[in-house]
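Open the model in your viewer and colour it by secondary structure. We will go from the whole fold to one helix, then to the empty space inside.

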Amino acid sequence: MIDPSLMASGSEVVIGLVIAVPVLLVGGGVAVGLRLRGRGGKSAVPPGEVASDAPTDVELARSADAAQAATAVDQPAAPAAAAAPPAPAPAPTPTPEPATYRGRLGKARGLLSGYLGAVRSRAKIDAATWDDLEEALIRADVGVGATDGLLTDLRARVKGGEIAGPDALVDALKADLVAMLSTADASLAVPRPDRAPVAGDPPPPDPAEDPSAPVDVWLFVGVNGVGKTTTVGKVANRLAASGTRVLLAAADTFRAAAGEQLAMWASRADADIVRGSEGGDPSSVVFDAVQRADAKGHTVVLADTAGRLHNKVNLIEELKKIRRVAGRPPGRVVEVLLVLDATTGQNGLAQAKVFLEAVDVTGVVLTKLDGTAKGGIVVAIQRELGLPVKLVGLGEGVDDLVDFDAAAFVDALF
């Protein structure tokens with residue numbers, strides 16, 4: 001017979017096994033699961049911390065890549081970007097209007113119009129009429145001497161009954177100005193190809209074939225800053241356009257930028273150029289230019305000169321020397337043009353007298369006439385200097401240097 005105490009201990013063992021086996025099975029399963037999840041990239045849990053069931057960063061990244069791939073497969077391809085519209089064609093460059101006296105002398109006309117309007121509005125010619133005319137002419141820079149001469153003649157004609165009424169007086173003043181400005185010969189000594197042949201003219205010599213044909217030399221004189229070098233360039237462009245073979249002489253060796261500026265104009269006019277070293281002898285530049293022109297068959301030499309030397313004596317002597325050298329065969333000086341700035345007014349007359357002492361000036365080039373209200377300086381130049389105005393600048397364009405036309409000039413002022 002079995003001892004009851006042994007039966008009781010055996011029952012306890014069986015009960016313990018029944019409880020222990022499931023516990024071991026569950027614990028083993030949990031350990032295996034944790035081991036498998038650890039391979040997905042989740043780090044071991046440090047001692048003292050609680051493991052989390054949240055997905056790891058690696059798992060999140062993998063899920064995002066899978067979702068993006070699925071979306072790319074499901075969505076249709078984006079349509080190609082629409083072609084950009086063609087660029088608009090550039091607007092055509094407007095053709096500049098040709099320079100005209102009336103179109104460019106608005107400032108001078110505006111100054112005179114108030115006075116002339118006041119004169120015309122009067123019922124008769126009285127003392128106030130003469131005061132208005134005198135003030136208008138003086139303010140326009142006609143000059144005191146020219147103003148007195150004009151008004152003295154008009155007063156005598158009014159007194160003699162030749163002029164009756166303010167309108168007739170203004171018309172008479174206009175006619176007198178045209179007559180005063182038309183007395184001198186304002187034509188340029190242009191080469192023969194620049195004018196139409198006249199019946200009976202001998203055929204012009206070809207400088208390239210006739211070694212005895214002289215080279216025409218034009219000298220441009222004037223103080224610095226009046227537009228002398230620019231004037232040389234514009235004249236070169238004008239002559240070259242007419243078929244004349246032009247050579248430029250950069251004889252202003254005292255101004256550093258003069259040579260470069262003239263070289264630009266030479267390129268623009270397709271003309272040859274002779275330059276000297278900075279501070280060199282200007283006369284040698286002119287001499288070399290004449291010799292080169294003779295050898296290469298150029299018809300005209302246009303010589304730029306210095307406008308400011310160390311003092312007045314040096315300037316006069318240098319210009320005299322240039323004039324002598326330029327006139328040696330095969331060269332002959334046909335024009336000596338004094339370039340004046342119209343905006344300087346009466347001060348330009350004082351400057352001009354320095355150059356008249358040095359060279360025989362043949363005419364005046366008046367630049368920047370469109371930029372001043374003192375257009376009457378043209379009258380003062382011809383009366384005070386006894387020189388014709390041959391060219392006037394009506395703008396900055398290459399074609400804005402035009403022949404002086406007395407009738408058109410006066411008409412633009414009234």
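Helices here are DSSP runs of H or I with at least four residues, strands are runs of E with at least two, and both are numbered from the N terminus. By that count, this predicted model has 14 helices and eight strands.

**Whole protein.** Show the surface. Its accessible area is about 22,700 Å², and carbon and sulfur atoms hold 58% of that. Of the 414 residues, 38% are buried. Now turn on contacts. Among those with a separation of 6 or more, 75% join residues 24 or more positions apart.

**Helix α14.** Select residues 406-413. Which residues of this helix are buried? They are A406, F409, V410, A412 and L413. These residues cover an arc of only 160° around the axis, so they sit on the same side of α14. Add α3 (101-104), α4, α7 and α13 (377-385) to the selection: the buried residues of α14 pack against these helices.

**The cavities.** Keep L413 selected and switch on cavity display. Two cavities of 30 Å³ or more are present. The largest has a volume of about 120 Å³. Its lining takes in 17 residues, and L413 is among those nearest the centre, together with L112, L137, A140 and V142. Next, highlight α4 (106-120), α5 (127-139) and α7 (166-181), the elements that each give two or more residues to this lining.

Finish by colouring the lining by class. What is its make-up by class? The lining of the largest cavity has 14 nonpolar residues, two polar and one charged.

Methods:
Residues numbered from 1 in each chain as written. Predicted model: local features only at pLDDT ≥ 70, side-chain atom pairs only at ≥ 80, totals over all residues. Heavy atoms only, no water. 1 Å grid on protein atoms, 1.4 Å probe; cavity = no way out; pocket = protein on both sides within 12 Å on 5 of 7 lines; lining within 4 Å. Points joined across faces, edges and corners; volume = space filled by probe spheres on them. Nonpolar A, V, L, I, M, F, W, Y, C, P; charged D, E, K, R; others polar. Buried < 20%, exposed > 50% of the residue type's maximum accessible area, 1.4 Å probe, protein only. Contact = heavy atoms within 4.5 Å. Areas by Shrake-Rupley, 256 points an atom, 1.4 Å probe, with all protein chains shown as cover. Arc of directions from axis to C-beta.
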